[in-house]
Every structure is written in structure tokens, then in C-alpha cells.
Amino acid sequence: MWKLDETKKIPVYQQIMEQVIEYIQTGQLSPGDRLPSERKLAASYQVNRSTVVHALEELVSLGWIVRQQGSGTLVNEGRWGRSATPRMNWRQLLSRETPRTEPYLVELQHRINDPEALDLYTGELPLDLIPDFRLPAYTWEELLVEEKKQKALGYPPLQRVICERLAREQELAVGTNEVLITSGAQQALFLLLQVMLEAGDSVAIEDPSFLYSLPIFDTAGVRLYGVPMDKEGMQIDALEQLILVKKIKLIIINPTFQNPTGSTMTLKRRKELIALSQKYQLPIVEDDVFSELNFEKLPPSLKTLARHQVIHLGSLSKVFGSSIKIGWIIADQNLIQRLAEAKQMMDFSISVFPQVVAYTALTDQNFSTNRQQLIDTLKQKRDCFYRYAETVADDWHFEPIAGGLYVWLHWRHQKLTRKDWSHFLQEKLLVAPSFLFSNDTMAMRVNYTRMTEEECRIFFVKLKKISGLIGGRKSERSN
């Protein structure tokens, strides 16, 4: 077990580190397992004891192992707590080529402020649907008093109300020491990447996934690998194969009203995913920003099913829009502490004001009523979408809408090209083609919540016209 690969051209202490990490990642070493003594490791590796000490000290600093007097060297019970020090290599980052700008998005952004364009691309509710609440008048002195209440993990009153809502709505009991407030879900993801991964590490995500479009992975030097989905969610067999081949270190998943497909992972598949992650000792990051917008009872969250295996991300942006840019991470206390330290090092501090606003919104006496009214309105929009969708049913397929913001329309016929999608821009229909989320070109994400009934009618009239154009291309080719 403790042997070096003589063909590797890296320092011996780094080889020892890589081997210990690999054994932890693959489950050959479990949390709490004791490593052999320094003397035994030096004898097994046939190296000086000082080389082994150097490797072990580095692993301690990264959080993989702990060294306790009288107990020896143990695999960290926290499993995933790495160093709180940001691992970004700025020199390497600046030497990289700038990612190619997506031409379709450039053209879309040019048209997004056109009053005649129908914006079904933006991932937020329209302003007129965002729940209203009364914001108390605060003096500057009162805000300074609230600012003094703020702790390293965030504004305590907001932490408490988040814990209360999780207990009430997801039957998930967590303490405030397990909640870190962030300025949105993307900052939460960035912190996790910096603390838990290193440049070159591999992450498994769904395919298709909105994560492909985020620059934070490239910034952190993290490789993304997509796992195909079926009607139940991420395919577990394909994920396991990827874990073995690509040495996956982290699984990031959006199981409820997934972006872009709008689908929800079944309870059976959730349990299979958790079992697989436990088999390989891989953490799961659960992006759960859409669950507030549910039309029917949802399966338990992954965090509820496996509290210590799952890191849970939440946000208010999908209900209240980007004006309340507040998110949170729910994780074991040791990891939350490391994330808080990294957040402080990177100067990712959050003003108390948006946190006070978020607290006020969540504790408003009319919040539950307003949220239910929002759900009822979204159901009406869904039903309107269904009625008009019948006009293009021969050309486009979609799954029933059970909540969230998105519906995924899939072309039933010949393979589409990127040129085919230019018809949507020409008709001023701003949608998100599937090539923004994967290598596929056959589907599109539509934010159905942004359409009035008249706009819904116009959308399907134009969609039928476009379907005729791209369907006609198929006829020309067959002739």
C-alpha cells in the first residue's frame, strides 16, 4: 500500500501526499483511520523520516489529516476540510488565454433592452411578481447598532430565521454555527472551490447544467465533467464511471427544478446518489435555490437525507430577485469555520444592510400569504403555457412544469445547428439554447414566468413560424 511510483518526476514528499489523498478519496482510508507511524512509513517508502514528516505536515495544513499527541496521525473526521487559505494561483490565471466570448450571448445582450424583444432568457421573476414587504425605516445609528451584531458567519437574526425555515419546511435541524451567509449562491460556490479544491481538480456536474456558463470554475482552475441525465435525474452508473476515470473530488448538483431543464430528481435517485458518494467518500454540494417555488410536495432535500455528506446552498434571489443578493451555505461546523476564514481572507465581507433587508423580508407577517399568491400566479402562467404549447406539440416536447422558473423545450426532428438558433434572435425571442449548457443543440430553456398571456400567445405564434423554417430545412435536405 505504501510504495512510491519511481516513474513520477515530482518530489517524493508530494508523491506521499498524493497517495494519502488518493487513499482517502477512494475510501481505502476512512475518517478517523490511523496512519502508520512516521518510522514505519519511512521504512515502507525507503526514504528519510524527515521526508515523511514534511509530507504529513503539508497534509495537516491542508486539512486532510490531524496529528494528536498519544493517538498518532488520523484521517480528518471532517473529511473535506481543506486549508482555509485561498489556493488561487494568480500568476497562472493571468497567463491563461481569455475564454472565447459566446457569439450568441453577445447578440442576445445587444437585444435584451429592445422593448419589442421577449426576454425569456433572464433567470429571475418579472418585477411585478416579486413578493412585496414593508421595510422599516432605519436611522444610520440603528444600522450601526445592527452592524455590531454581525459575526464572522453573518448577521445572527438572519441565521436564526434561516434555521427556523429549514426546520419547518425541510425538516432539517441545523444550528446557526452551521450557517454561513454569503452574497448569493455564486459567492458560496466560489468559496467552496477555493477551500475544498486545488487547481486541476475535477468536479462532476449534471449535463446539461448552468454551471458550464459560470467563470468561477475557470478562475479556480477546476475541471468540469458532465454526467448525463434521464427522467429521474443524474445517471448514477455514468457518475461512478466518471469518478473512477477522472478522479472526481466533488459532486455539484441542482436536484430540485434543475437549471436549465426544470426537472426534479426522484427520491430513489437521491438515495442512490448519496450511497455512491458515501462509497467513494465524496462530498455533494446541493444547489437548492428554486425549492421555494414549488407547486407540489417535493422529495426530501439531499441535506435532509444525508446531513454530514451534503453541503447545502440556498438563496433568496429566485424569489426576491437580484436586489436581495443574499445566499447561505449549510455544512458541518468545521467546514463552515474554514469557509468563514477564507471569506475573511478574500475580503468577501457583506454589509449588514442587505442582511437586514433579507431578515425583514423573511419575517414579514404577510410573507407566507404573498408567497402562496406568487405560487398561484405561476400556476396560472404554467396553465397558459400548456394551452398554447399544443400548437407546436408536433415539433417540440417538454415535461410537465412542477415549479421553478424554467421549462425545457426539446426539438423532435433533425439535428439543429447553431445557425438555426439565429432565427430566434431575428424574431426577437430571447431564449437560452442548450449549447449554452452542454454540447447539445437540440433544446432550449425558457423562463415561462416572464410572459403575460398575450406574450405567451405571441411566443408560440413566432415559435410555430420558426419551427416551419427549421423544419423546412429538413425537407430541403431530404429532397
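Two strands are said to pair if DSSP finds at least two bridges between them. Strands here are DSSP runs (E, at least two residues), as are helices (H or I, at least four), and both are numbered from the N terminus. The model is predicted, so local features need pLDDT of at least 70 and side-chain atom pairs count only at pLDDT 80 or more, whereas totals for chains, interfaces and linings use all residues. Residues are numbered from 1 along each chain as its sequence is written, and side-chain values use heavy atoms, with hydrogens and water left out.

Eight strands form an open sheet of mixed pairing, in the order β4-β11-β10-β9-β8-β5-β6-β7. Its edge strands, β4 (179-182) and β7 (233-234), each pair on one side only.

Within this sheet, strand β10 (residues 310-315) deserves a closer view. On one side, β10 pairs with strand β11 (residues 327-330) in the antiparallel sense over four bridges, and H312 stands opposite I330. Strand β9 (residues 284-287) also pairs with β10 over four bridges, but in the parallel sense; there V285 stands opposite I311.

In a regular strand, side chains alternate between the two faces of the sheet. For β10, V310, H312 and G314 lie on one side and I311, L313 and S315 on the other, and all are buried (under 20% relative accessible area, against over 50% for exposed and values in between for partly exposed, with a 1.4 Å probe and protein chains only). Because six of its six residues are buried, β10 is largely enclosed by the rest of the structure.

Helix α10 (residues 236-246) connects this picture to the helices. The helix lies across β5 (202-207), β6 (223-230), β7 and β8 (248-253), running at about 160° to β6. Axes are lines fitted to C-alpha atoms, for helices over the stretch in contact, and angles run from 0 to 180 degrees between N-to-C directions.

α10 also packs against helix α11 (residues 267-279) at an angle of about 15°, with the axes 10 Å apart. The two helices are therefore roughly parallel, a term for angles under 35 degrees. In their contact (heavy atoms within 4.5 Å), I236, L239, E240 and I243 of α10 meet R269, E272, L273, L276 and K279 of α11. By class, this contact has five nonpolar, no polar and four charged residues (Ala, Val, Leu, Ile, Met, Phe, Trp, Tyr, Cys and Pro count as nonpolar, Asp, Glu, Lys and Arg as charged, and the others, Gly among them, as polar).

How values were computed: Parallel < 35°, antiparallel > 145°, perpendicular 65-115°, else oblique.
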